Amino acid sequence: MADNRCTVLIVDDESGSRQLLRQILQDKYRLMFAASGIMALEAAKSVQPDLILLDIIMPEMDGYEACKKLKAIPEISDIPVIFISALTDITEKVNAFKSGAVDYVCKPFQSDEVISRIETHLKLYNLQRHLEKQVEVEVNKRRMDEQMLIQQSKMAATGEMIGAIAHQWRQPLNSLGLIVQDVEDAFDAGEVTKGYLKQFVSQCMGLIKLMSHTVEDFQNFLKPSGRQDTFDVTEAFYEVIHLFSDMLKKNDISVQINTPETCRIYTTGYRNELKQVILNLINNSRDAINAGQKKGRAVAKDGLITIDISEGDNNVIARISDNGGGIDDSIADKLFEPYVTTKGEGGTGIGLYMSKAIIENKMNGSISVSNIEDGAEFTIKLPLVKPDVEIQ
Ligand SMILES: Nc1ncnc2c1ncn2[C@@H]1O[C@H](COP(=O)(O)OP(=O)(O)OP(=O)(O)O)[C@@H](O)[C@H]1O
Ligand SMILES: [Mg+2]
């Protein structure tokens, strides 16, 4: 039958004391013995008892020192230690607690007292271990939730990407179609000469190259940066706007970027991740502008996203604003929490949550939002870096 009893390590240099404790405790607990502080440390490390009864006066290493050493070893530092000693002076007791003990029993002792103190501390210790286990389970669960969110947002980004590629490809695909169709007519009209073929091939190859570049650009966009980098914030904004220009055009949205013309503004962090944030914000503005237009807001306006980038004392300030009608009051105070969305099936509600996580954890910055006259304005602050050497 399995022995479920708790293990108690008894440390005492006098064999008489050890025998006495054995008689009192052997029915209730699994017992182990050590005759010195050094042996106690070894035994505690190899067996990891549930509780340690420790004598104070011992040769070589006394109980206080043994206790301090036990408490300094991480894997056994939590095990409760109860001192057992003939010393009754109050300073001795204070020293015992200072060295890390949880309790103190004076010799000669009553067996009931020893047992009830051991019971109390075993219960507390088990409770503590139970709580720690629960915390660990909870932390693991959160970590898994976090992973799931990251995964979901990657999927969402991939979906966006496919949509954007479709937009970017529409025009070259149409052109390709027209060129290819023309071959037949040209043949019938006897126009297919060597020169015609040459031009045909070069036009087709040009369009194919364009399309293949688009795919490469998007593939690069999706890759995690891998390492930190010092880069021009304005450039990151331009890159995103460029990639998604066709999508924005199709939605009748124009983008205006205002930057100080003379200087470049650098930050340090993960460039691609920042670009994901920019895309999240632009997509949100696009959705807000489209939704506003559907609702037929009083003043029908052309969609406009304005991006202002400027240099603060020691940070880069990027403001992204739109004329999409602003943040709904019902979600204003929990906008950056996961799964908060007003788009029903059309949104997952993790765009801004992930954006905040990236800005705060990966870029050491901050992100905030406020409603402006006819839309929302997001403000991103990033650390400003002044490179010693101009970066190309
Ligand atoms: N520029 C904006 N104008 C108005 N409302 C906005 C704007 N940006 C965000 N919101 C509101 O905040 C909510 C949460 O945005 P978030 O990007 O986190 O999720 P989502 O866009 O709904 O879904 P997804 O996970 O697909 O991005 C949106 O549903 C929308 O109501
Ligand atoms: Mg979004």
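Helices here are DSSP runs of H or I with at least four residues, numbered from the N terminus, and with that convention in mind you can begin the tour of this predicted model by selecting helix H6, residues 194-222, in which isoleucine 208 is found.

Stay on isoleucine 208 and display its surface: its relative accessible area is 39%, and because partly exposed covers the range between under 20% for buried and over 50% for exposed, this residue is classed as partly exposed. Next add Val201 and Met205 to the selection, since together with Ile208 they form a nonpolar patch on the surface, with about 250 Å² of accessible area between the three of them.

Now move to ligand 1 and show the residues around it, of which there are 20, the closest being Thr341, Thr342, Lys343, Thr348 and Leu352. Colouring this shell by class gives 9 nonpolar, 9 polar and 2 charged residues. If you then switch to a cartoon view, helix H9 (271-295), helix H10 (351-362) and strand S12 (375-383) can be picked out, each supplying at least two residues of the shell, and the largest share, 3 residues, comes from H9.

For the polar contacts, select asparagine 284, where an N or O atom of the side chain is 2.8 Å from an oxygen atom of ligand 1. Continue to the backbone of glycine 349, which has a polar atom 3.0 Å from a ligand oxygen, and then to leucine 352, whose backbone places a polar atom 2.8 Å from an oxygen atom of ligand 1. Finish with the surface of the ligand: the protein covers 91% of the 590 Å² of accessible area that ligand 1 has on its own.

Notes. Residues are numbered from 1 along each chain as its sequence is written. Chains are lettered from A and ligands numbered from 1 in the order in which they are written. This is a predicted model: local features need pLDDT of at least 70, side-chain atom pairs count only at pLDDT 80 or more; totals for chains, interfaces and linings use all residues. Side-chain values use heavy atoms; hydrogens and water are left out. A residue is near a molecule or strand if one of its heavy atoms lies within 4 Å of it. A polar contact is a pair of N or O atoms within 3.5 Å; within protein, one must be able to donate a hydrogen and the other to accept it, and residues adjacent in sequence count only if both atoms are side-chain atoms. Accessible areas come from the Shrake-Rupley method with a 1.4 Å probe; for residues, only the protein chains shown count as cover. Ala, Val, Leu, Ile, Met, Phe, Trp, Tyr, Cys and Pro count as nonpolar, Asp, Glu, Lys and Arg as charged, and the others, Gly among them, as polar. Patches are made of residues with over 30% relative accessible area and no salt bridge: like charges are joined within 9 Å, nonpolar side chains (Val, Leu, Ile, Met, Phe, Trp, Tyr) within 5 Å. A salt bridge is a side-chain nitrogen of Lys or Arg within 4 Å of a carboxyl oxygen of Asp or Glu. Buried means under 20% relative accessible area, exposed over 50%, partly exposed in between (1.4 Å probe, protein chains only).
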